[in-house]
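Open the model in your viewer with side chains available for display, and follow the stops below in order. Each stop suggests a selection and then says what is to be found there.

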Amino acid sequence: MEITASLVKELRERTGAGMMECKKALTENNADIDAAAEWLRKSGLAKADKKADRVTAEGRVAVAQDGGKAVLVEINSETDFVAKDANFIAFTDAIAQAALTSGAADVEALKSAKLASGETVEEARAAAIAKLGENMQIRRLVAIDSANNVAAYVHGGKIGVLVEVKGGDAELARGLAMHIAAMNPPHNKAADVPAEFVAKEKEIELAKMSDKDKAKPADILEKIISGKINKIVNEVTLYGQPYVLDSDKSVEQVVKAAGADVVGFQRLVVGEGIEKVVEDYAAEVMKQAGLA
């Protein structure tokens, strides 16, 4: 059977593979488009295996939400060049939607979830690797499913936040999600700050004090130290920080004025904790062109 341009085009549209790969697949499979599509999928898995050890520190946080049910998924690529590609963005959005609809509890469970196209997440990942030429990993998944107000916010594709708020409204929840994205509070409320952290900060503040201050009466010394510790605790808690949308008020004041309570939040940043490989732009381009 003749391998026509229209047949190559049909296979490209069906699989998303490159023109030369489609032509080769059709040649290897006697122009049988179904067999060629399967051949490309298997080829994609082989490519994924070969690239599996490459560091993936770039990428995107994708979000999907349906009312009080929301998910964030961090999907990593090797370069920011690919992370900004429209195909990668579409791929990550599809993964987030699959996470939402499947109710997958973790990344391992997500791998076997089905996309709208019918393929599994893991199959789609292998196909994306074959198409875009980089290793890709689905690294983290966080989710909230609640009857309370839930906000999901992603900033620039790099920082994602889920926040659950009892009371208040959707606008308050979204504002708090934006605040968490910007200010990165490690803890929600003062009660959530570990006692070990507070004890260590007290030790540090005492060490910094002059002998003159240390000689003050115990009750006065305690007030001085408590004031310093309260300030530190405010800095590391959501409730204690000045609200980014109204810096004259603390988050706690804003939340209480709305008759609300922040139940909890989760924040993801692309690549956090991964040692990045520094590459120049020319190297990225060479890699995308298959020349490196």
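**Starting in helix H6**

At 28% relative accessibility, Lys 111 counts as partly exposed, a class that lies between buried (under 20% relative accessible area) and exposed (over 50%), computed with a 1.4 Å probe on protein chains only. This is a predicted model, in which local features need pLDDT of at least 70 and side-chain atom pairs count only at pLDDT 80 or more, while totals for chains, interfaces and linings use all residues. Residues are numbered from 1 along each chain as its sequence is written, and side-chain values use heavy atoms, with hydrogens and water left out.

Keep Lys 111 selected and add Glu 108, which is exposed with a relative accessible area of 55%. The two side chains meet in a salt bridge at 2.9 Å, N to O, the term being used for a side-chain nitrogen of Lys or Arg within 4 Å of a carboxyl oxygen of Asp or Glu. Both residues lie in helix H6 (residues 107-111), three residues apart, which is about one turn of the helix. Helices (H or I, at least four residues) and strands (E, at least two) are DSSP runs, numbered from the N terminus.

**Salt bridges between strands**

Next select Glu 74, which is buried, with a relative accessible area of 0%. Which residue forms a salt bridge with Glu 74 at 2.6 Å between the closest N and O atoms? Arg 140 is that partner, and the pair links distant parts of the chain, with Arg 140 in strand S3 and Glu 74 in strand S2, 66 residues apart. Arg 140 is partly exposed, at 22% relative accessible area.

Now add Arg 139, whose side chain also meets that of Glu 74 in a salt bridge (3.3 Å, N to O). Because Arg 139 lies in strand S3 (residues 136-145) and Glu 74 in strand S2 (residues 69-77), this pair ties together parts that are 65 residues apart in sequence. Arg 139 is partly exposed, with a relative accessibility of 29%. By the same rule the count comes to 14 salt bridges.

**The nonpolar cores**

Hide the charged side chains and select Val 73, Ile 95 and Leu 110, which have the most contacts inside the largest nonpolar core, a set of 27 residues. A nonpolar core is here a set of buried Ala, Val, Leu, Ile, Met, Phe, Trp, Tyr and Cys residues joined through side-chain atoms within 4.5 Å. Strand S1 (58-66), S2, helix H4 (80-83), helix H5 (86-102), H6, helix H7 (121-132) and S3 each supply at least two residues of this core, and the largest share, seven residues, comes from H5.

Centre the view on Ile 95, which touches Val 73, Ile 75, Leu 110, Leu 115, Val 121 and Ile 138 when residues up to four places away in sequence are not counted; contact means heavy atoms within 4.5 Å. Apart from this core lies another, of 21 residues, among them Ala 177, Val 251, Val 254 and Phe 265.

**Strand S5 and its partners**

Move to strand S5 (residues 159-166), which is mostly covered, seven of its eight residues being buried. Strand S4 (residues 149-155) pairs with S5 in the antiparallel sense over seven bridges, where pairing requires that DSSP finds at least two bridges between two strands. Show Tyr 153 and its bridge partner in S5, Val 161, and then Gly 156, which takes a positive phi near 60° in the hairpin of S4 and S5, where three residues stand between the strands.

S5 is also joined to strand S8 (residues 261-269) by eight bridges, and these two strands run antiparallel. To see this pairing, select Val 163, which stands opposite Phe 265 in S8.

**Two loops with positive phi**

Ala 31 lies in the loop between helix H2 (19-28) and helix H3 (33-51), and its phi is near 65°, a positive value in a residue other than glycine. Ala 31 is buried, with a relative accessible area of 3%.

For the second loop, select Asn 184, between helix H8 (170-183) and helix H9 (195-208). Asn 184 has a positive phi of about 50° although it is not a glycine, and it is partly exposed, at 41% relative accessible area.

**Last stop: Pro 242**

Finish at Pro 242, in strand S6 (residues 242-243). Leaving aside neighbours within four places in sequence, Pro 242 is in contact with His 179, Ser 247, Lys 249 and Ser 250.
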